[in-house]
Protein chains: 2
Amino acid sequence: MNTLSEENYLKAIFRLSQKSDEKITPTAIAEALGNNAASVVDMIRKMTDKELIEYDKKKGVRLTQQGLKDSILIVRKHRLWEVFLLEKLGFHWDEIHDIAEELEHVSNASLADRLDKFLGFPEYDPHGDPIPKANGKLPKTFTVSLADVKTGASCKVAAVRDTSSSFLQYLVKLGIGIGTPIQVLERIAFDQSLVIKINEQDQTTVSQRFSESILIS
Amino acid sequence: MNTLSEENYLKAIFRLSQKSDEKITPTAIAEALGNNAASVVDMIRKMTDKELIEYDKKKGVRLTQQGLKDSILIVRKHRLWEVFLLEKLGFHWDEIHDIAEELEHVSNASLADRLDKFLGFPEYDPHGDPIPKANGKLPKTFTVSLADVKTGASCKVAAVRDTSSSFLQYLVKLGIGIGTPIQVLERIAFDQSLVIKINEQDQTTVSQRFSESILIS
DNA sequence: AAATAAAATTAGGTATACCTAATTTTATTT
DNA sequence: AAATAAAATTAGGTATACCTAATTTTATTT
Ligand SMILES: [Mn+2]
Ligand SMILES: [Mn+2]
Ligand SMILES: [Mn+2]
Ligand SMILES: [Mn+2]
């Protein structure tokens, strides 16, 4: 069995591997977890011994089969609990991530599957992230961001790349949620800010950082 | 905030204080938690410094106001999660305790209250233990055991004193659950075993240890 | 009251998961 | 290629929460 810290490392490594094809360095993991790189090097040794990961300076950190399986289960639990917290307990969008960060570590062989069934086998979590199935398969992940949309074109919000409450609260303020239609009216050449129309009503200007944090379909 | 270990100590001390009026010694806590008495003495110092408990060799360990408040919240969360696991996720009677042992440590200001509401404000957990209310008040606790019932008299199972799966599985095998009517037919003088009639049907003999582990109303 | 047993405490130790500071290795720039 | 910067690693350290063995204190028995 994996410790709480090992689970958080597994999840961080999994998310880094999903995010891009770049090799996963100790520094990248350190940044993701808010730890010192020296601590990460310590942990890489322990997790290599446990055969959860492989580390090669050239290839970076890779999950082993076991490590991949374990990390997918943690992500599955995290996202299922988020659905539960939002839909059943009525928590707000910006509150659920931190609670799920703790709930994901509760270990019981059938807990995830029972929760999944209870929730009606949801495919996506409240942030639009795909919930891994019991067999480990992931529903389609959204990868195109609002920043990629052509000027004049329309799209729908499918997921958010940032789960910080400052970002999510900003979205609430703008009236944007999963499924909200957005039209890109103008792209400011100077800093790639976008003038957008939200839900066919309000018009606002948003920064590049903002538009890159929204995934669309 | 309290660490996971501190929370488990708080809960153990709370349960010992509920169980009887005897003073709570380091040895008693050690036994309850399966720790060495030396470790308990260490922790008593830390928790005294944090003003969660008071320790006086004459009076034993006592919870401070803060310690009492904190421990009641943990017990509240434990028992609410047990109801959730049994009623909503369909776990069995003997599986829920260990999972709730982990879930009780998830910390969020409104989690317990939202869960309570979602479950319809249950008064007792699946083992018949009272669930502390949001204000800290406890519903009536059952204290009379099957061993106290007069020969010939009838009663109903209200709660179980032991949540081990060996005990709970034995109860399932005997067809005994919360609310099951039991009549005491005979008391064996030799070892205080009881001959009982379950649910007005089956007749069995049970040990003293068994009858002391069942609370009745 | 003395002897004995039990409980509490102290002393010294371990594994986990972090840290900072120093050093070494690797990548990038000039 | 040398100089410089960045990344990785090592060395040595800390807090937490445990442990065993030895000692001291308290309670119980004779
Ligand atoms: Mn986590
Ligand atoms: Mn999410
Ligand atoms: Mn616990
Ligand atoms: Mn219970």
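**Manganese site.** I looked up the protein donors of the manganese ion (ligand 1) in this predicted model and found A:N8 (OD1), A:E101 (O), A:E101 (OE), A:E104 (OE) and A:H105 (NE2), lying 2.1 to 2.7 Å from the ion. Donors are N, O and S atoms within 2.8 Å of the metal (3.2 Å for Na, K and Ca), and water is not among the atoms, so sites may look incomplete. Along the chain I read the donor spacing as N-x92-E-x2-E-H. A:N8 sits in helix α1 (residues 4-19) of chain A and A:E101 in helix α5 (residues 96-103) of chain A, 93 residues apart. Helices are DSSP runs (H or I, at least four residues), numbered from the N terminus.

**Conventions.** I note that residues are numbered from 1 along each chain as written, with chains lettered from A and ligands numbered from 1 in the order written. Local features need pLDDT of at least 70, side-chain atom pairs count only at pLDDT 80 or more, and totals for chains, interfaces and linings use all residues, while side-chain values use heavy atoms, without hydrogens and water.

**DNA strand D.** I found 21 residues around DNA strand D, with A:T27, B:T3, B:S5, B:N36 and B:S39 coming nearest. A residue is near the strand if one of its heavy atoms lies within 4 Å of it. Sugar and phosphate make up 76% of the strand D atoms that come within 4 Å of the protein. I then checked phosphate oxygens of strand D: one is 2.3 Å from an N or O atom in the side chain of B:S39, and one is 2.8 Å from a polar backbone atom of B:N36. The largest share of the surface near strand D, 5 residues, comes from α3(B).

Terms used
Helix = DSSP H or I, 4+ residues; strand = E, 2+ residues; numbered from the N terminus. Polar contact = N/O pair within 3.5 Å; in protein donor to acceptor, adjacent residues only side chain to side chain.
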